[in-house]
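Work through the exercises below with the sequence and the model open. Try each task before you read its solution.

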Amino acid sequence: QGWYSAAVKPGDAPAMWGTPGGKSVSDGWVGGSKECRDRAVAEHEGVRLANEARASVSEAEVAAFGETLIFGGLAPRIAGSTHPKGSKVAAFMLKKTLGVETATALLARDDKDEAMDEARGLCRDRLKVALRDVSKLLAAAEGQGGFLGGQDPDPSDINLGGAVYTVKALLDSGLAADGKMTPELERYLERWCRRDSWLKVYGT
């Protein structure tokens with residue numbers, strides 16, 4: 001939608017209609033994840049409590065892990081695409097997985113095939129490292145209640161839960177072929193799946 005594209009930077013979501021988080025229905029939409037979240041925290045006690053950070057790792061660090069888990073698995077599938085939309089998506093995923101500087105350098109090379117082979121290998125390596133490092137975080141969390149935030153999820157868990165759910169689907173389906181779910185990741189996802197809030201959002 002034109003108004004949303006003009007008002008909100010690419011990739012930022014969601015747009016909300018209604019409260020908490022948005023404006024009243026008669027006042028229209030609110031766009032941008034930070035504004036929606038800040039409004040929801042201010043308007044709803046339950047959202048405020050869920051937004052309290054308790055994890056020893058920052059939400060930004062966890063979000064970066066999540067991006068690597070998802071895009072590190074998918075990028076090797078479409079790296080080197082010559083389709084206009086495919087090449088844009090591949091560039092986005094490579095930048096998220098490898099960093100802007102490394103991805104930009106690879107995408108600019110004249111030896112496209114060799115560069116994309118290198119990019120695929122780097123993405124696979126980053127995915128494996130992310131699976132290992134996240135598993136270590138979750139192993140430590142098991143001794144402190146089961147979530148990064150303790151007995152109950154905090155914002156870091158909310159970021160990580162969806163990423164673990166997605167990477168499991170990618171690995172189980174074979175879309176991401178270079179890595180495997182660890183026992184720590186499986187148990188973490190099981191703890192999430194026992195929560196009513198998870199079932200309401202994901203349905204499974």
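**Exercise 1: Two cysteines**

Task: Decide whether cysteine 123 is buried or exposed.

Solution. Cysteine 123 has 0% relative accessibility, so it counts as buried. The cut-offs are these: buried is under 20% relative accessible area, exposed is over 50%, and partly exposed lies in between (1.4 Å probe, protein chains only). Next, take cysteine 193. Its relative accessible area is 27%, so it is partly exposed. Now look for disulfides, meaning pairs of cysteine sulfur atoms within 2.5 Å. The structure holds zero.

Before going on, note the ground rules. This is a predicted model, where local features need pLDDT of at least 70, side-chain atom pairs count only at pLDDT 80 or more, and totals for chains, interfaces and linings use all residues. Residues are numbered from 1 along each chain as its sequence is written, and side-chain values use heavy atoms, leaving out hydrogens and water.

**Exercise 2: The whole chain**

Task: State how many helices and strands the chain has.

Solution. Count DSSP runs from the N terminus: helices are H or I, at least four residues, and strands are E, at least two. The chain has 10 helices and two strands. In order, the elements run α-β-β-α-α-α-α-α-α-α-α-α. Then check burial: 36% of the 204 residues are buried.

**Exercise 3: Helix 4**

Task: Describe the span, bend and packing of helix 4.

Solution. Start with the span. Helix 4 covers residues 59-78, which is 20 residues. The expected span is 1.5 Å times one less than the number of residues. From first C-alpha to last, helix 4 reaches 28 Å, close to the 28 Å expected.

Next, the bend. Fit one axis to the seven residues ending at a residue and another to the seven starting there; the bend is the angle between them. At phenylalanine 71, helix 4 bends by about 35 degrees.

Then the packing. The buried residues of helix 4 include Val62, Gly66, Leu69 and Phe71. Helix 5 (84-98), helix 7 (112-142) and helix 8 (155-173) are the elements that the buried residues of helix 4 pack against. Just past the end of helix 4, glycine 80 has a positive phi of about 95 degrees.

**Exercise 4: Serine 156**

Task: Find where serine 156 sits and what is in contact with it.

Solution. Serine 156 belongs to helix 8. Its relative accessible area is 3%, so serine 156 is buried. Contact means heavy atoms within 4.5 Å. Set aside neighbours within four places in sequence; the contacts of serine 156 are then Ala55, Val57, Ser58, Glu59, Val62 and Leu148.
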